[in-house]
Amino acid sequence: MNEVKQPSGFLNILKTPGMSSHDVVGYVRRVLHTKKVGHAGTLDPGAAGVLPVAVGPATRLLEYLEHTDKSYRAEVLLGCATASGDDLSPVTERVEQFTMPTAADVEAVLPQLRGTITQTPSAYSAIKIDGQRACDRVRQGQQVTMPSRTVMISRLDLLAVRVPEHTLLIDVDCSRGTYIRSLCEDLGQALGLPACMSFLVRTRVGAFQLADALTLEELAAAGESALLAPAPLLAHLPRYDLVPERAAAFRNGLATSDWQAENLPAVFTVFAGDKFLGIGTWDVEAHAVKPLKVYQG
């Protein structure tokens with residue numbers, strides 16, 4: 001009896017506001033009739049934008065998407081601060097009368113928020129504290145102290161100052177682990193005003209672009225034809241080309257010595273010709289390439 005081949009690959013999904021990332025995974029499972037589905041880079045239910053999803057054997061590669069940088073477009077509401085840093089929780093501070101900063105005022109403070117900065121994420125985040133999500137602890141009435149973290153803001157551009165709405169529109173390119181809500185609060189603080197994030201669209205995760213993202217309706221119409229080969233979407237990792245005669249050995253979990261290579265990075269994609277084999281690592285002592293994740297899609 002011929003074995004039915006399991007669908008495998010990545011999906012670039014456009015998550016809409018009101019859905020959780022888990023909701024999207026459930027929808028993909030129903031459309032593609034498979035249980036093995038996961039996502040990278042959780043988006044809050046109120047946010048929209050790019051959500052990378054993996055199906056079948058490609059789910060083993062999800063962790064390598066987590067390390068990619070990301071891009072966002074955010075709306076910052078000035079004069080209002082909330083418990084969670086967005087507009088979905090109780091207001092903690094409000095300034096009724098103030099003069100909106102000019103574009104020049106905003107541009108003057110942006111440099112202090114670019115580059116390597118330290119953030120303190122909201123206690124309403126999904127960061128785990130002693131094994132439990134911080135937001136769950138807050139809902140249980142616990143006091144939560146959030147650890148600060150260092151992140152990289154490689155681009156922070158002002159797109160618009162909307163005076164009647166008391167909002168700013170910004171574009172951000174940032175490293176993994178950046179909290180845009182915290183960045184919006186920090187921007188307000190730099191301007192001398194309480195602030196929160198009033199809307200968020202994620203426009204990119206690594207090579208996943210918003211312009212290419214599929215709505216759930218488009219996914220339902222396309223079915224398995226929407227699945228993307230993993231290799232091009234892992235191009236942020238270095239590439240190693242294995243001699244073709246060692247491809248079967250790699251797939252079977254065996255290392256391959258390479259005395260011509262210098263010390264390679266800790267993680268890289270492995271190819272034999274045009275065939276993507278999976279993720280490898282470098283064994284310094286053995287001077288060999290070892291399989292980390294074999295891809296059988």
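This is a short dialogue on how to read some features of the structure above.

Me: What kind of model is this, and how are its residues numbered?

Reply: This is a predicted model, in which local features need pLDDT of at least 70, side-chain atom pairs count only at pLDDT 80 or more, and totals for chains, interfaces and linings use all residues. Residues are numbered from 1 along each chain as its sequence is written, and side-chain values use heavy atoms, with hydrogens and water left out.

Me: How many helices and strands does the protein chain have?

Reply: Helices (H or I, at least four residues) and strands (E, at least two) are DSSP runs, numbered from the N terminus. By that reading the protein chain has seven helices and 18 strands, and its C-alpha atoms fill a box of roughly 70 × 45 × 40 Å along the principal axes.

Me: What share of the residues of the protein chain counts as buried?

Reply: A residue is buried under 20% relative accessible area, exposed over 50% and partly exposed in between, using a 1.4 Å probe and protein chains only. Of the 297 residues of the protein chain, 50% count as buried.

Me: How should I read helix α1, and which of its residues are buried?

Reply: The expected span of a helix is 1.5 Å times one less than its number of residues. For the twelve residues of α1 (residues 21-32) that gives 16 Å, and the end C-alpha atoms are 17 Å apart, which agrees. Its buried residues are S21, V24, V25, G26, V28 and L32, and in terms of contact, meaning heavy atoms within 4.5 Å, they pack against β1 (9-15), β2 (37-39), β3 (48-55) and α5 (216-222).

Me: What is the phi of H33, and is H33 buried or exposed?

Reply: H33 comes just after α1 and takes a positive phi of about 55°, although it is not a glycine. It is found in the loop between α1 and β2, and at 71% relative accessibility H33 counts as exposed. H287 also has a positive phi, near 55°, in a residue other than glycine; H287 lies in the loop between β17 (275-283) and β18 (288-294), but at 15% relative accessibility it counts as buried.

Me: Which residues of the largest nonpolar core touch the most other members?

Reply: In soluble globular proteins, nonpolar side chains tend to be buried together. A nonpolar core is a set of buried Ala, Val, Leu, Ile, Met, Phe, Trp, Tyr and Cys residues joined through side-chain atoms within 4.5 Å. The largest one here has 30 residues, of which L78, L168, I180 and L187 touch the most other members, and β4, α2, β10, β11, α4 and β12 each supply at least two residues of this core. Leaving aside residues up to four places away in sequence, I180 touches Y72, A74, V172, C174, M197 and L200. Apart from this core lies another, of 19 residues, among them L61, L65, F271 and I279.

Me: What covers the buried residues of helix α4?

Reply: In α4 (residues 180-190), the buried residues include I180, L183, C184 and L187. Their cover includes β4 (70-78), α2 (103-109), β7 (115-119), β10 (149-162), β11 (167-174) and β12 (195-205). G192 follows α4 and has a positive phi, near 80°.

Me: How many aromatic pairs are there?

Reply: Rings of Phe, Tyr and Trp (its six-membered ring) pair if their centres lie within 6.5 Å, and planes under 30 degrees apart count as stacked, over 60 as edge-to-face and the rest as tilted. A search of the whole structure finds four aromatic pairs. In one of them, the rings of Y240 and F268 have their centres 5.8 Å apart and their planes at 45°, so the pair is tilted. Y240 lies in strand β14 (residues 239-241) and F268 in strand β16 (residues 268-272), so the pair ties together parts that are 28 residues apart in sequence. F271 and F276 form a tilted pair too, at 5.5 Å centre to centre with 55° between the planes, and both are buried.

Me: How many disulfides does the count give?

Reply: A disulfide is a covalent bond between the sulfur atoms of two cysteines. Here it is taken as a pair of cysteine sulfur atoms within 2.5 Å, and the count comes to zero. The cysteine sulfur nearest to that of C80 belongs to C196, 4.5 Å away. C80 is buried, with a relative accessible area of 6%, and C196 is buried as well, at 1%.
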